[in-house]
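I opened this model to look up a few things and wrote down what I found. The entries follow the order in which I looked.

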Amino acid sequence: MSQIPPLFKREFLGYFRSPVAYVFLIVFLMASVGCAFFLGRFFDSNIASLESYFQFSPWLFILFVPAVGMRLWSEEKRSGTIELLFTLPVTTLEAVLAKFLAAWAFLCLAVALSFPMALTVAYLGDPDWGVIGSSYLGCMLMAGAYLGICSLTSAFTKNQVISFVISVFICFVMVLLGWSVFTDFLGGYLTLPSWLVDIVSNFSFTTHFSGFVKGIVDAKDAVFFLSLAGFCLFLNVLVLDR
Amino acid sequence: MRTGGAQENSSGSVIRCARQIPFTDMIEVQGLVKDYGSLRAVDGVSFKVNRGDILGFLGPNGAGKSTTMKVITGFLRPTAGTVLVGGHDVTADPVDVKRMIGYLPENAPAYPEMTVEEFLGFIAEARGFRSSAAKAERIERVAGLCHLTQVRRQTIETLSKGFKQRVGFAQALLHDPPVLVLDEPTDGLDPNQKHEVRDLIKKMSAEKATILSTHILEEVDAICTRIIIITRGKVVVDETPDELRARHGGARLDEIFRELTQTDT
């Protein structure tokens, strides 16, 4: 694992060596804050909380996390630098972890940069900092789970567009499974028993994220996100080792 | 796992090339076979490279030169056969093998958004030169060797083909490896640069085992101590340039090359 720091550093700084980081951060913040204002009616709700900000995170991540994750392996494969990387004295696991952690750190930075929203509610009212903290924690853990999926799909192809589209699709399904409209459809229209609907929605990002937004930090939810990311990275190593 | 077996070995923070290794056979390839799906790219290749040797790897495009090199460097796993580098088996402990090898891949891939200095700094760190003094010293040395000093702060994507190739070369030499594997090292260079790279390879060859692949036959004549000609994944010639010429009645190298490989293309 000693080889992770140099690889992490190169990957993380790589975002800032190109316009990717700046374009991503600006557009992500505009979109997420815009959703909170215009769709979430941030001010109209008259509540000093960030719920109207975080409720859109699962949906925004469908597009934004694959935008970060698609290049992880596809770009290395296309440009041939994967040959350079894997002839350095590193193990596949080290490389996979280093790249994942770098991209995850970048996503966490993007999420954390919404802090003026927290300052705003603190200025306007008296928010519950515990809830805000757990929302940020949940949001970052969820980003890791999305990113695991994107890293895996990226390892399959040297084409970033394919990697992006497949990641978006998988992430979309993972959100959809827990969306109330979808679960109502399963339970009401298809009259599936409620235990089955619960099982289906238990595989969704939104189901496990909702607790964090309410201020409930449940180990089960954290384990879900981390184990999903871990499982994807395990497959990622296998794919690269073929 | 590509690099599974050697994980414990890689945990030491200081990574040095074992230059005092007693093996004279630095590279030993035995019955190497590599399949891509149903296509057999390398078919039972065997050879040895001693310290001090410069092995010229010749063959038409698609003969299996690059594939053989990729297996030796641990990037690809062999379908069958063994590759030993400095006594380490490339399948069993790939990380140890990778530590001993300086590898210049075809077309010298590098991260385009990094400057030359950042890129070499990254390679230095990944090769175990973590302190800024050791790193700076390594970069200084290879930047001088490969004449990169004037472009140190330029991003790699803005460099000409010749400079990119030199960056790849610098990257391969950075840890002063006992084994050099160079896939078309002079590709894309102008005649002066070619000459320079050849001189450099020659100068360093005494304490290293070097393999280089090339299309340029005069290059083989100029620097190689041994020639291997490979077609359709099989070795058809393995001798010194002089022996080869003597056997073919003093014919020119390119004539011999064509004679040996033409039937296959």
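The entries below cover the interface, a helix, a sheet, salt bridges and backbone angles.

**Entry 1: the interface**

I note at the outset that this is a predicted model. I began with the contact between the chains: 30 residues of chain A touch 33 residues of chain B. I found that the two chains bury about 2,900 Å² between them, and that 59% of this lies on carbon and sulfur atoms.

I then looked for polar pairs. The interface of chain A and chain B has ten residue pairs in polar contact, counting residues at pLDDT 80 or more. Which elements of chain A give two or more residues to the side that touches chain B? I listed helices H1 (4-17), H5 (71-79), H6 (81-85), H7 (92-112) and H14 (219-241) of chain A. H1(A) gives the most, with six residues. By class, I counted 13 nonpolar, nine polar and eight charged residues on this side of chain A.

The interface of chain A and chain B also holds four salt bridges. I looked up one between Lys70(B) and Glu83(A), where the closest N and O atoms are 3.8 Å apart.

**Entry 2: helix H3 of chain B**

I asked how many of the eleven residues of helix H3 (116-126) of chain B are buried. The count is nine, so the helix is largely enclosed by the rest of the structure. Among the buried residues of H3(B) I noted Val116(B), Phe119(B), Leu120(B), Phe122(B) and Ile123(B). I also noted Glu125(B) as one of the buried residues.

What do the buried residues of H3(B) pack against? They pack against H1 and H6 of chain A, together with H4 and H5 of chain B. After H3(B) comes Gly128(B), with a positive phi near 100°.

**Entry 3: the loop between H4 and H5 of chain B**

I went next to Arg152(B), in the loop between helix H4 (132-145) and helix H5 (161-173) of chain B. Is Arg152(B) buried or exposed? Arg152(B) is buried, at a relative accessible area of 16%. Leaving aside neighbours within four places in sequence, I found Arg152(B) in contact with Thr115(B), Val116(B), Glu117(B), Ile139(B) and Glu140(B).

Arg153(B) is exposed, with a relative accessible area of 67%. Arg153(B) forms a salt bridge with Glu117(B), the closest N and O atoms being 2.8 Å apart. Arg153(B) lies in the loop between H4 and H5 of chain B and Glu117(B) in helix H3 of chain B, so the pair ties together parts that are 36 residues apart in sequence. I recorded Glu117(B) as partly exposed, at 23% relative accessibility.

**Entry 4: other salt bridges**

Over all chains I have 25 salt bridges by the rule used. In one of them, Arg198(B) pairs with Glu218(B), with the closest N and O atoms 3.8 Å apart. Arg198(B) is in helix H6 of chain B and Glu218(B) in helix H7 (217-223) of chain B, so this salt bridge ties together parts 20 residues apart in sequence. Arg198(B) is buried at 11% relative accessibility, whereas Glu218(B) is exposed at 53%.

I also looked up the salt bridge of Arg226(B) and Asp238(B), at 3.2 Å from N to O. Arg226(B) belongs to strand E9 (226-231) and Asp238(B) to strand E10 (234-239) of chain B, so the pair ties together parts twelve residues apart in sequence. I recorded Arg226(B) as buried, with a relative accessible area of 15%, and Asp238(B) as partly exposed, with 36%. Salt bridges that share partners join Arg10(A), Glu11(A), Arg71(A), Glu75(A), Glu76(A), Lys99(A) and Glu113(B) into one network.

**Entry 5: a sheet in chain B**

I traced an open, antiparallel sheet of four strands in chain B, in the order E2-E1-E4-E5. Its edge strands are E2 (39-50) and E5 (88-89) of chain B, each pairing on one side only. Strand E1 (25-36) of chain B pairs with E2(B) over nine bridges. I found Lys34(B) opposite Val42(B) of E2(B).

**Entry 6: positive phi**

Most residues other than glycine have a negative phi. I looked up two residues with positive values.

Thr191(A) has a phi near 45°. Thr191(A) sits in the loop between helix H11 (180-189) and helix H12 (194-201) of chain A and is exposed, at 59% relative accessible area.

Glu184(B) has a phi of about 50°. I placed Glu184(B) in the loop between strand E7 (179-183) and helix H6 (191-204) of chain B; Glu184(B) is buried, at 11% relative accessibility.

Notes
Residues numbered from 1 in each chain as written. Chains lettered and ligands numbered in written order. Predicted model: local features only at pLDDT ≥ 70, side-chain atom pairs only at ≥ 80, totals over all residues. Heavy atoms only, no water. Buried < 20%, exposed > 50% of the residue type's maximum accessible area, 1.4 Å probe, protein only. Contact = heavy atoms within 4.5 Å. Buried area = accessible area lost by both parts, 1.4 Å probe. Salt bridge = Lys/Arg side-chain N within 4 Å of Asp/Glu carboxyl O. Polar contact = N/O pair within 3.5 Å; in protein donor to acceptor, adjacent residues only side chain to side chain. Nonpolar A, V, L, I, M, F, W, Y, C, P; charged D, E, K, R; others polar. Pairing = 2+ DSSP bridges.
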